[in-house]
Number of protein chains: 2
Amino acid sequence: MNVYIIGVGLIGGSLALQIRKKQKDAVIYGIDQEEGHLKKALEIKLIDRGANLDDIADADWIIIAVPVDQSRRLMPLVLDRIAEGALVFDVGSTKAAICESVKDHPKRKQYLATHPIAGTEFSGPLAAKEDLFKGKVNILCETERTDPELLRRAKYFFEEVGMTIRYMNPVDHDKHIAYCSHLSHISSFMLGKTVIDKETNEAGILDMAGSGFASTVRLAKSSPSMWAPIFLQNKENVMQALEEYIANLSSFKDALEQDNYLELFEQMKNANRIRKILDPARHGLPQ
Amino acid sequence: MNVYIIGVGLIGGSLALQIRKKQKDAVIYGIDQEEGHLKKALEIKLIDRGANLDDIADADWIIIAVPVDQSRRLMPLVLDRIAEGALVFDVGSTKAAICESVKDHPKRKQYLATHPIAGTEFSGPLAAKEDLFKGKVNILCETERTDPELLRRAKYFFEEVGMTIRYMNPVDHDKHIAYCSHLSHISSFMLGKTVIDKETNEAGILDMAGSGFASTVRLAKSSPSMWAPIFLQNKENVMQALEEYIANLSSFKDALEQDNYLELFEQMKNANRIRKILDPARHGLPQ
């Protein structure tokens, strides 16, 4: 089985680790614009060989794990080059644009749109982790447009690596993910910026920053080359979410300015409901 | 040794656990407005006995671990009631107002202003944790106003439980902590609110929310009764920090609206410096 991974970073590399584990006969090829990534991925044996786009005619699986502007550009080129029976899937954080880009492609049914909700704030081949997908959700979009047999095999693999599968149309996916993922990245990036701009003395921050700050600002360590294209490709939804977030912050500031204890209290109490949503099992335990 | 803990919640309770461990002869009294907390703290043996404010004449140590509006109100009443040689310290997240409230008190030198940078998003006696303070920083303010012998004993205890001690004046403390702690709580509370307001279908959020969102929104689970008084007591600094945060978010939104890839990229790259500040040891490893 020949597997080509385009983009051997955090996600592509972590998928490579799983494929090697589950599919003993797999030969894993890596394609990456960055020479350094390819070299490193070979060195740490994420992949067996380097390759380029013109080699993929013999591929059984092609995984596209590059920034979303590049995957949209690559997707038709990849479909053009693959043999019958090959499966292509991408793992990007936006789904509408990429589905749109191949909707009339004659090989559309060989493509599966996926978004594994998994990641860390790190990137590159060294960030690949064996257990990255375990217990996580993978959102599949427009599965009715994918060949049922190819879909079945992909689902089998995702379930085998421990993921739960959810189905959603790409437009809804992009709308909801703007709130649940893209917005929290921006809130974290800008929190990092605000604190750094203020605190020129880095030792000072380090001393006063507790685990709470570290948790809230963690995503500010994420890769700009990955995230700038995501925000731009999901621009309308992200702007909407950002506007609502800014309005909420402003109204909190107004309540503070007016010494309105009750309003501050109510707004936080309301936000506390996130407990029940994120930790349903833990709800009711230590408050 | 008689220790009175006013407020047997997360911080007061965790201190009780440490005192019991380090000071075998300690009798620990709990004072708490909430009957339920007192009962629970007795039940799980955080404290030996319940007490009230009029009992503290025989105290060696009094720890004030209640919301900051209450500690400011209580502080002079506590000092009024203690014997010579007793030490009082508070653990609140704001320091200027409380120091101001006792600056002319005849027993000022028996008070030590402290802020252990430690906590979780949980509260109440069940949230108490034995290792809460290990490896954390404790900021002491105006130590020159505390009796040197009482200061020495307190420092010995804080170091014994694994804390590193830093010194700061209360005004600087409040200014910096607004950025490093208070702002990240508001950013998280309002992120939670924005997402909940949008996503009425809670199962939908649960599915799409990855570990990144969980990390950024974690502090939105924090106690409103603890945080409303903190924001109000540090109002000027918190409003300043919030204004800068909102301005940064708005400028990010503008760059997005204008499809300005480079500006988005630069802003995120700039925020990435938080890596070096928060994980100096890890810097240079997986990017």
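Visitor: What does helix α3 (residues 68-81) of chain B lie across?

Guide: In this predicted model, α3 of chain B lies across β1, β4, β5 (87-90) and β6 (111-116) of chain B. Contact here requires C-beta atoms, placed from the backbone, within 7 Å.

Visitor: What makes the direction of α3 relative to β4(B) clear?

Guide: The angle does. Angles run from 0 to 180 degrees between N-to-C directions. The helix α3 of chain B runs at about 165 degrees to β4(B).

Visitor: Why are β3 and β8 of chain B called edge strands?

Guide: Take the order of the sheet. Eight strands of chain B form an open sheet, β3-β2-β1-β4-β5-β6-β7-β8, with mixed pairing. In chain B, β3 (49-50) and β8 (164-168) each pair on one side only. That is what makes them edge strands.

Visitor: How do you know that β1 and β4 of chain B are joined?

Guide: Count bridges. Pairing needs at least two bridges between the strands. Four bridges join β1 (residues 2-6) to β4 (residues 61-64) of chain B, and these strands run parallel. Within β4(B), B:I62 is the bridge partner of B:Y4. On that sheet packs helix α1 (residues 10-22) of chain B, touching β1, β2 (27-31) and β4 of chain B. The direction of α1 makes about 165 degrees with that of β1(B).

Visitor: Why does the span of α5 (residues 148-160) of chain B agree with that of a helix?

Guide: The expected span is 1.5 Å times one less than the number of residues. With 13 residues, α5 of chain B should therefore span 18 Å, and its end C-alpha atoms are 18 Å apart. The two values agree. Just after α5(B), B:G162 has a positive phi of about 100 degrees.

Visitor: And in chain A, what is the order of the open sheet?

Guide: The order is β3-β2-β1-β4-β5-β6-β7-β8, again eight strands with mixed pairing. At the edges of this sheet stand β3 (49-50) and β8 (164-168) of chain A; each has a single partner strand, so one side of each is left without a neighbour in the sheet. The full tally for chain A is 12 helices and eight strands.

Visitor: Why does the radius of gyration of chain A agree with that of a compact globule?

Guide: For 287 residues, the compact-globule value is near 19 Å; chain A has 21 Å, which agrees. The C-alpha trace of chain A spans about 70 × 40 × 35 Å along its principal axes.

Visitor: How many residues of chain A are in contact with chain B?

Guide: 86 residues of chain A contact 86 residues of chain B. Among the elements of chain A that each supply at least two residues to that side are α6 (170-198), α9 (224-233) and α10 (235-257). The largest share, 20 residues, comes from α6(A). By class, the side of chain A that touches chain B holds 48 nonpolar, 22 polar and 16 charged residues.

Visitor: Why are the two copies said to be related as by a two-fold rotation axis?

Guide: Chain A can be laid on chain B by a turn of 180 degrees and a shift of 0.0 Å along the axis, with an RMSD of 0.0 Å. The copies are thus related as by a two-fold rotation axis.

Visitor: Which C-alpha of chain A is nearest the axis?

Guide: That of A:T216, 2.1 Å from the axis.

Visitor: What makes the surface the same in both copies?

Guide: The recurrence of contact residues: 100% of those in chain A recur in chain B.

Technical notes: Residues numbered from 1 in each chain as written. Chains lettered and ligands numbered in written order. Predicted model: local features only at pLDDT ≥ 70, side-chain atom pairs only at ≥ 80, totals over all residues. Contact = placed C-beta atoms within 7 Å. Nonpolar A, V, L, I, M, F, W, Y, C, P; charged D, E, K, R; others polar. Least-squares fit on C-alpha atoms with pLDDT ≥ 70 in both. Rg over C-alpha atoms; globule rule 2.2 N^0.38 Å.
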